[in-house]
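Subject: Structure for you to look at

Dear colleague,

I am handing over a structure that will be new to you, and below it I have set out what was found. Please read the notes with the structure open beside them.

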Amino acid sequence: MLTFSHRPSRRVVIRAVGLATAAVLALVTGNAAPSPVPGRDPSPASVELQAVQAASAAPMLPLFGRKADGHLYDYEPTGTGGVRAAADLGGGFTVATALFQTKTSAAGGGIDLYYRVGGTLYYTAGRGTETKVIGGGWDVYNALVSVGNLGGSTAPDVLARDAAGALWLYQGKSDGTFATKVQAGTSGWNGMDTLAGVGDYTGDGKNDLLARSTTGTLYIYPGTGSATANAILGTRLTVPGTDWKNYTTLVSSGDNSGDGKADLIGRDAAGALWLFKGTGVSTAPFAARVQIGTSGWQAFNTLF
């Protein structure tokens with residue numbers, strides 16, 4: 001049975017995403033969607049966080065987690081490193097085979113959700129209640145990730161990896177749809193078990209891609225700011241460290257610490273959560289890790 005929690009959330013955008021998403025998933029699964037909850041004003045903590053976001057060069061995004069029972073949880077950033085208590089966005093998300101977020105609606109002011117059900121990709125705008133079908137055929141990709149504005153447009157883009165190991169760029173549009181795909185990498189990307197990143201990790205003002213190889217090496221692929229085929233990413237840089245293989249998940253929610261630099265979050269095998277603050281220096285892109293979650297994070301089969 002598809003459900004949606006009526007627990008009040010700290011941000012109106014959370015509820016808008018959850019309700020509209022639940023409605024679409026209800027159509028797919030045949031379950032009844034819940035009734036909308038009356039709007040509430042953002043809390044003082046949310047207003048303060050928005051002020052921090054406005055001053056950040058990298059976007060500050062929530063961390064979302066999905067559990068095996070299909071419930072999706074929202075963890076808002078504290079703005080100084082770490083996350084606040086979870087808000088349950090409801091159940092029914094088990095049917096989603098891919099999930100990622102962007103800041104597209106309201107000229108980048110909203111937190112938007114994309115999710116794939118079968119081969120169809122859906123979009124729910126965080127500002128407003130608009131949910132739309134992006135299109136079919138998205139099941140040809142075994143990885144989907146948004147690293148923000150990579151190709152030089154005004155909206156966040158999406159990278160998609162196909163079964164042959166090629167990487168494709170879909171430039172974002174302001175209405176949540178995408179331009180025609182452009183090849184970002186010809187082959188070999190199946191040798192990466194993680195694609196992540198939201199922001200600039202090299203300090204050149206352009207968004208980059210993080211990728212971890214199946215052997216545990218973490219790389220930065222610098223963005224060129226161009227959407228020209230096979231010239232979207234520059235020569236990769238190796239991130240120092242040999243323990244990147246020890247993390248079951250690596251994910252970025254942009255600037256988690258509030259210093260304007262893009263960060264990285266890792267979950268270890270024991271279920272603890274660690275924050276790697278970005279430095280903006282290409283030769284040493286992350287500071288020493290800081291623990292932001294003690295245990296229990298292994299309960300999530302997806303973090304994004």
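A word on confidence comes before anything else: pLDDT is the predictor's confidence in each residue, on a scale from 0 to 100, and it matters here because this is a predicted model. In residues 1–20 the pLDDT stays under 50, although the model does have 65 contacts there beyond four places in sequence. The pLDDT is also below 50 over residues 27–56, a stretch with 44 contacts in the model beyond near neighbours in sequence. For the chain as a whole the average pLDDT is 86, and 81% of the residues score at least 70.

Turning to the interior, the largest nonpolar core has 17 residues, of which L159, L167, W189, L195, L209, Y221 and L233 touch the most other members. At least two residues of this core come from each of strand 8 (141–148), strand 10 (167–172), strand 12 (192–196), strand 13 and strand 14 (218–221), and strand 8 gives the most, with 3 residues. A second core, separate from this one, has 16 residues, among them Y123, A125, Y141 and Y170. As general background, nonpolar side chains tend to be buried together in soluble globular proteins.

To see the surroundings of one core member, you could select L167, whose contacts, leaving aside neighbours within four places in sequence, include L159, W189, L195, L209 and L233; V182, Q183, A184 and G185 are also among the residues that L167 contacts.

Strand 13, which covers residues 209–213, contains A211. A211 counts as buried because its relative accessibility is 0%, and, not counting residues up to four places away in sequence, A211 touches W189, M192, T194, L195, T217, L218, Y219 and Y221. From A211 to G191 the C-alpha to C-alpha separation is 9.5 Å, with their positions 20 residues apart in sequence.

The last site is D268, in strand 17 (residues 264–268). D268 is buried and yet has no salt bridge, the nearest side chain of opposite charge being that of R289, 5.0 Å away. The side chain of D268 does make a polar contact of 2.9 Å with the side chain of W274, and one of its polar atoms lies 2.9 Å from the backbone nitrogen of A272. Beyond four places in sequence, D268 is in contact with N246, Y247, T248 and W274.

With best wishes

Terms used: Residues are numbered from 1 along each chain as its sequence is written. This is a predicted model: local features need pLDDT of at least 70, side-chain atom pairs count only at pLDDT 80 or more; totals for chains, interfaces and linings use all residues. Side-chain values use heavy atoms; hydrogens and water are left out. Helices (H or I, at least four residues) and strands (E, at least two) are DSSP runs, numbered from the N terminus. Buried means under 20% relative accessible area, exposed over 50%, partly exposed in between (1.4 Å probe, protein chains only). Lys and Arg count as positive and Asp and Glu as negative; His and the chain ends are not counted. A salt bridge is a side-chain nitrogen of Lys or Arg within 4 Å of a carboxyl oxygen of Asp or Glu. A polar contact is a pair of N or O atoms within 3.5 Å; within protein, one must be able to donate a hydrogen and the other to accept it, and residues adjacent in sequence count only if both atoms are side-chain atoms. Contact means heavy atoms within 4.5 Å. A nonpolar core is a set of buried Ala, Val, Leu, Ile, Met, Phe, Trp, Tyr and Cys residues joined through side-chain atoms within 4.5 Å.
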